[in-house]
Amino acid sequence: MKKSLNTKQIHILRKKGTEPAFSGKLLHNKEDGLYSCMGCENTLFSSKEKYDSGSGWPSFYNVHNSKSVKTKIDYSYSMKRTEVICYNCNGHLGHLFDDGPKYTGKRYCVNSKILNFTKK
Ligand SMILES: [Zn+2]
């Protein structure tokens, strides 16, 4: 069953909001499982590729598969950043940076509040 979204989740997914750093419940989650989009249940990331970046947001160095996320250039707040959006529903998830660990060099920096965790 799809859960209905609360106002904070809608703010992030549909209005490109960002939750305060270190506020997310899943930030320090180390259990094995899959992370999916709150907006549509598309599987986004796996716990295998989650790591602690110290940024205050859940960080992943890779996506679950090629249908997980899309990226696009985001010029908001006078910065050029790469926005990470859900492949399926186009919901805003977070941003992609090039300072990730050696495996990929990528850091997918994602809001915890719009992630749904399913334990393996
Ligand atoms: Zn989605």
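Which protein donors hold the zinc ion? Select the metal to find out, bearing in mind that you are looking at a predicted model. Around the zinc ion you'll find four sulfurs, the SG atoms of Cys 37, Cys 40, Cys 86 and Cys 89, at 2.3 to 2.4 Å. Check the angles between those four donor atoms: they run from 99 to 113°, so the arrangement is tetrahedral. For comparison, the ideal angle for four tetrahedral donors is 109.5 degrees.

Now colour the donors along the chain. Their spacing reads C-x2-C-x45-C-x2-C. Pick out Cys 40, in the loop between β1 (33-37) and β2 (43-46), and then Cys 86, in strand β6 (residues 81-86); these parts are 46 residues apart in sequence, so the pair ties them together. Switch on a surface and you'll see that Cys 40 and Cys 86 are both buried.

**Into the core**

Next, select Phe 45, Leu 93, Tyr 108 and Leu 115. These are the residues with the most contacts inside the largest nonpolar core, which has 21 residues. Elements giving two or more residues to this core are the helix α1 (7-15) and the strands β1, β2, β6, β7 (92-97), β8 and β9.

Stay on Leu 93 and show what surrounds it. Leaving out residues up to four places away in sequence, Leu 93 touches a set that includes Leu 13, Leu 44, Val 69, Val 84 and Ile 85. One of the zinc donors turns up here too: Cys 86 is among the residues that Leu 93 touches, and so is Ile 114.

Hop to Ile 114, in the loop between β8 and β9. Is Ile 114 buried or exposed? It is buried, with a relative accessible area of 0%. Beyond the residues up to four places away in sequence, Ile 114 touches Gln 9, Ile 12 and Leu 13, among others. The zinc donor Cys 37 is also one of its contacts. Draw a distance from the C-alpha atom of Ile 114 to that of Ile 10: you should get 8.6 Å, although the two are 104 residues apart along the chain.

**Around the helix**

Look down the axis of α1. Its buried residues are Gln 9, Ile 12 and Leu 13. They span an arc of only 85° around the axis, which puts them on the same side of the helix. That buried set packs against β1 and β7. Rotate to the other side of α1 and you meet Thr 7 and Lys 15, both exposed.

Then zoom in on the two ends. At the N-terminal end, Asn 6 acts as the cap, with a side-chain oxygen 3.1 Å from the backbone nitrogen of Lys 8. After the helix comes Lys 16, with a positive phi near 55°.

**Two last stops**

Lys 16 leads on to Asp 74, which touches it along with Met 79, Lys 80, Arg 81, Glu 83 and His 95, not counting residues up to four places away in sequence. Asp 74 sits in strand β5 (residues 69-74) and is buried, at 3% relative accessible area.

Finish at Ser 112, in the loop between β8 (107-110) and β9 (115-119). With a relative accessible area of 4%, Ser 112 is buried. Show its side chain: a polar atom there lies 3.0 Å from the backbone nitrogen of Leu 26. Leaving aside neighbours within four places in sequence, Ser 112 is in contact with residues including Glu 19, Gly 24, Lys 25 and Pro 58.

How values were computed
Residues are numbered from 1 along each chain as its sequence is written. This is a predicted model: local features need pLDDT of at least 70, side-chain atom pairs count only at pLDDT 80 or more; totals for chains, interfaces and linings use all residues. Side-chain values use heavy atoms; hydrogens and water are left out. Donors are N, O and S atoms within 2.8 Å of the metal (3.2 Å for Na, K and Ca); water is not among the atoms, so sites may look incomplete. Four donors count as tetrahedral if all angles lie between 85 and 135 degrees; four count as square planar and six as octahedral if opposite donors are over 155 degrees apart and all others between 65 and 115; anything else is irregular. Helices (H or I, at least four residues) and strands (E, at least two) are DSSP runs, numbered from the N terminus. Buried means under 20% relative accessible area, exposed over 50%, partly exposed in between (1.4 Å probe, protein chains only). A polar contact is a pair of N or O atoms within 3.5 Å; within protein, one must be able to donate a hydrogen and the other to accept it, and residues adjacent in sequence count only if both atoms are side-chain atoms. Contact means heavy atoms within 4.5 Å. A nonpolar core is a set of buried Ala, Val, Leu, Ile, Met, Phe, Trp, Tyr and Cys residues joined through side-chain atoms within 4.5 Å. The arc is that of the directions from the helix axis to the C-beta atoms.
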